[in-house]
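Please look over the structure below with the sequence beside it. The report that follows takes up helix contacts, sheets, aromatic rings and backbone details in turn.

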Amino acid sequence: MKSEKLGTNPVGAVMVVGAGIAGVQAALDLADAGFYVYVVEAQPAIGGVMAQLDKTFPTNDCSMCILSPKLVECGRHLNIEILAPARVQGIAGEPGNFTVTVNQAARYIDPVKCIACGLCAEKCPKKVPDAFNQGLIPRKAAYVLYPQAVPLKYAIDAANCIYFKKGGKCKACEKFCPTGAVDFSQSDRPRDLQVGAVILAPGFKPYDPKQYGAYHYANYPNVITSMEFERILSASGPYQGHLVRPSDHKEPQKIAWLQCVGSRDLNHCDNSHCSAVCCMYAIKEAVIAKEHSKNGLDAAIFFMDMRTMGKDFEKYYWRARDEQGVRFIRSRVHSIDPVPDTDDLSIRYLDEDGTLRSETFEMLVLSVGLEVAPDVLEMGRTLGIDFNVNKFAETSSFTPVTTTRPGIFVCGAFQGPKDIPQSVMEASASAAAAGELLAAARFSLAKKKPEFAERDISQESPRIGVFVCSCGINIAGVIDVEAVRDYAGTLPFVAYVENNLFTCSQDTQEIIKERIKEHNLNRIVVASCTPKTHEPLFQETIKEAGLNKYLFELTNIRDQGSWVHMNEPERATRRAKDQVRMSVAKVALQQPLKEFTLPITKAGLVIGGGAAGMEAALGMADQGFKVHLVEKKDFLGGHALKLNHTWRGEPVKPYVDGLVQRVTGHPQIEVYLNSEVADVQGFVGNFTSTISTGGRETMVAHGAAVIAIGAHSYKPNEYLYKENPLVMLALELDQAIREKNPLVTAAKCAAFIQCVGSREPERPYCSRVCCTHSVESAIRLKEINPDMDVYILYRDLRTYGLRENLYKEAREKGVMFIRFSGDDKPQVAQTAQGGLQITVKDLILGIPITIKPDILTLATAIIVKEQEKLAQMFKVPLNHEGFFLEAHMKLRPVDFATEGVFVAGLAHYPKPLDEAIAQAKAAAARAAVVLSQESIKAGGVVAFIDPALCSGCQACVGVCPFGAIDYKEPENVCEVNQALCKGCGTCAGNCPSECITLLGFSNKQIYTQIDQALAELKDLAAG
């Protein structure tokens, strides 16, 4: 980014093109960090493809449930202006000062007047295929994109509207609109907008399998795409989440998924790349379909390589196979034929032993790949950016979110096929890149968030409003939500009850605010899903309505009700009533809680001086923040120093040397070598850490921290490693190639063994980088000696995304790939002459073969060490394999649950250099959101010690994980520093005299909830 630095007058606004999850995240990060953001979206509402998905892997979270709060936050953010539908037409200027021409398309419905009542759609006589629902059902020409759309405003499809097609006839929508919002006089409006940077996040287009003749997608109604299947499963989809097939709406008993349709294929299309997500979404769809099935579903996935290389993906795959009974068949299906006199389908395929088999299914799902839409390609050319051979935006491994045109950045699937977490990381990384470029203009155009006057309820009796969410059928498909609503109306202090289709949607937030004012409500209960993702949304809503945000209770009747009792609707309904009764009783006792303001220390701490740590440090420093960079060793660079090239062939050493030079020469970065963090105190915005350097301790204050301590290579005991000098690890081979070691240069035969220590019960994860690195190394060996015999022994070849081109190149160069089973691994023996002999069963030939390599390279697992102490100091969790555990796998992939602490690089999970850099930049962006603020709120849900009851036993002091309690010896009492308290409640639970109250969770509230939970049992006992 240094080459793009500007003068002193850049424009403090950024344009984000595309409003799927990547575009929304980039917009929020920038707006929260002090920039004004224009979001340009081609559709009439934001949300992108994620809004069309049913569930997300590997957690099976409802996609819309976790996305909706982000959309609502984006829609009502003071510093985000949504232009939808709109398209970019041109650009002029230079980095820091662009003029972007945007064509804002006419909606023909005034969004200011539209109240989203739906009468226009109800009365519209024209039906057209509903593209959002993949054409499975029709919609009207007057329509809203989807039920939870943001903005929730209707639009008229002029291409199909009778008024436009038949010269002014019809106008039914105008006649019945109660607010006069329909406006046929509207026209497209070009706008020239001044921005300092542009972020491209237009997403992807699913491959259209109509051209895939052998699978007859266009001819057989029960051959559908994976996106169509997502809509079938979705609670807001065409069949309300019921598992039925399109032809006759019967529930299928057998479904097959066919992988790599429109991916890894140059015969039917021009898509040589792997689409990276298809294996996992097929597994997820199979698992969820089995849950939806009433009569038991036979689910089979036909695949070439199972590419479950993400965090917790391998475990998800194993559970689907071993616990949920999904069948996995390694074969590419040859053809599909109809079964006469039925709507069923017969497929023919070769199984692993070469036998031709035939099997009948009632539905086939084509796992379609990802590609860039033609109109998006045209937009990219208009903006002057380059594309790679697979027609994705061209970037470098070292600047993964920077396009070939300075000042224009990219994130998400437009840069290459990828999953949601990587898209979100790149979104934040692109926000960091734009923030570095425009640091001087921060807050120059941003508007200040208004303060809402808080209503005094001290003299009011409780008046509780209860809102029960249907969540499509996620809740209402199991729980009788109307019965729960009616029951809530009978409870003490409840003044208003309502059932909503989606309580988290933008329109319902406005409804809640209106109901608070109409019915003079002073406490709110929402019965829906998890507070983890939705509580801040509802708290902000009631705050805008004038209530203290803590006068709120969210009861989770989805995760704790409809999901766990999906086959017991009566019991789930009874449980939901119990939960609502408990929440109403608790919130009735709730009093407003006060927060106080604390200043923020505008400095960051980065732990780890590898590529990720240095990129994170520069990402903050280039935005104007002081950074303390701590490295355990006496040099910077980490594992990147051991790499020769990226998978794209870019030399790594010049990049690392330049990075070290930039870091050590940066006036805002202080480097501590031979150092460790010895202690951490404080909280977000106000941390104090002790850095130990050779026995000398330095105290540094910082507002945010990034953990980037890297990981290590597993050192195996198997395959003669350390017993025979011809056996080496992947990075040792890199060194041998770099040093032109005769073992390598004179070799006539080389072999690689994959998954050494990975994908095993003790390490049930894929290390993500190994397949690509081995393929890259194999190509290097072929370049050294084209006549060398090179073998790669693998279980599944996981060259995901654009890396598939490398796999293709290796095969073309004569590298031989031999697949083995995890249950029958290669055997390596030492010959009498000290050489090597490998015996492996070739699963295609069905016979053991022998290889006598001159060198053997082991692709070993990536593991973590010595991370527990740091995790304890920062109060952040680790997963079962020891990697740091992020706050949310999909939507908060660099945040921890502990605010102000972020993670990047291998410490989070194995990943290649380009992804580590993107995550580091993302961590810098998230840290900048904290550091750019002047102050932070503290207090609220915190502990309070009643000194009159405290015995001074200090039990609370010892158990407080945040060091927030002090013992005051003269008074013989303990006292809580509420600025440090995080409201965990550990002290209150340990206090023998019950003198500690956790505000918002007082003993009286907890006991009342327990009484209400047992109320039915008491009634039964009394009867």
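## Helices H12 and H13

In this predicted model, four residues of helix H12 meet five of helix H13: Gln509, Ile512, Lys513 and Ile516 touch Leu537, Phe538, Thr541, Ile542 and Glu544. By class, this contact has 5 nonpolar, 2 polar and 2 charged residues.

H12 covers residues 506-518, and H13 covers residues 531-544. Their axes are 9 Å apart, and the packing angle is about 40°. That angle makes H12 oblique to H13. The crossing of the two helices is right-handed.

## Helix H1 and its partners

Helix H1 (residues 21-32) packs against helix H10 (residues 420-437) at an angle of about 35°. The two axes are 8 Å apart. H1 passes H10 in a right-handed crossing. On the H1 side, the contact is made by Ile21, Ala22, Gln25, Ala26, Asp29 and Leu30. On the H10 side, it is made by Ile420, Ser423, Val424, Ala427, Ser428, Ser430, Ala431, Ala434 and Gly435. The classes are 9 nonpolar, 5 polar and 1 charged.

H1 also crosses helix H2 (residues 63-75), at roughly 50°. Here the axes come within 10 Å. H1 and H2 are therefore oblique to each other. H1 passes H2 in a left-handed crossing. From H1, the residues in contact are Ile21, Val24, Gln25, Leu28 and Asp32. They meet Leu67, Lys70, Leu71, Glu73 and Cys74 of H2. This contact of H1 with H2 has 6 nonpolar, 1 polar and 3 charged residues. Ile21 and Gln25 of H1 appear in the contact with H10 and also in the contact with H2.

## The parallel sheet

An open sheet is built from 5 strands, in the order E15-E22-E16-E17-E18. The pairing is parallel. Strands E15 (223-225) and E18 (327-330) stand at the edges. Each has a single partner strand, so one side of each is left without a neighbour in the sheet. From one strand to the next, the twist averages 25°.

At the E18 edge, strand E17 (residues 298-303) pairs with E18 in the parallel sense over 4 bridges. Ile301 stands opposite Phe328 in E18.

Helix H6 (residues 226-233) lies across three strands of this sheet: E15, E16 (254-261) and E22 (363-368). H6 runs at about 90° to E15.

## An aromatic link from H6 to E16

The structure holds 24 aromatic pairs. One of them is Phe229 with Trp257. Their ring centres are 5.4 Å apart and their planes stand at 90°, so the pair is edge-to-face. Planes over 60 degrees apart count as edge-to-face.

Phe229 lies in helix H6 and Trp257 in strand E16, so the pair ties together parts that are 28 residues apart in sequence. E16 is one of the strands that H6 lies across.

## The antiparallel sheet

A second open sheet has 3 strands, in the order E42-E43-E44. The pairing here is antiparallel. Strands E42 (827-830) and E44 (847-851) form the edges, and each pairs on one side only. The twist averages 20° from one strand to the next.

Strand E43 (residues 836-842) pairs with E44 in the antiparallel sense over 5 bridges. Asp842 has Ile847 as its bridge partner in E44.

## Backbone details in loops

Where do the cis peptide bonds to Pro58 and Pro151 fall? The bond from Phe57 to Pro58 is cis, with omega near 0°. Pro58 sits in the loop between strand E3 (55-56) and strand E4 (61-62). Val150 and Pro151 are likewise joined by a cis peptide bond, with omega about -5°. Pro151 is in the loop between strand E10 (142-143) and strand E11 (155-156).

Lys722 is not a glycine, yet its phi is positive, at about 75°. This residue is found in the loop between strand E37 (712-713) and strand E38 (727-729).

Conventions:
Residues numbered from 1 in each chain as written. Predicted model: local features only at pLDDT ≥ 70, side-chain atom pairs only at ≥ 80, totals over all residues. Heavy atoms only, no water. Pairing = 2+ DSSP bridges. Axes fitted to C-alpha atoms, helices over the stretch in contact; angles between N-to-C directions. Contact = heavy atoms within 4.5 Å. Parallel < 35°, antiparallel > 145°, perpendicular 65-115°, else oblique. Left-handed = near helix turned anticlockwise from the far one by under 90°. Nonpolar A, V, L, I, M, F, W, Y, C, P; charged D, E, K, R; others polar. Phe/Tyr/Trp six-rings, centres within 6.5 Å; stacked < 30°, edge-to-face > 60°.
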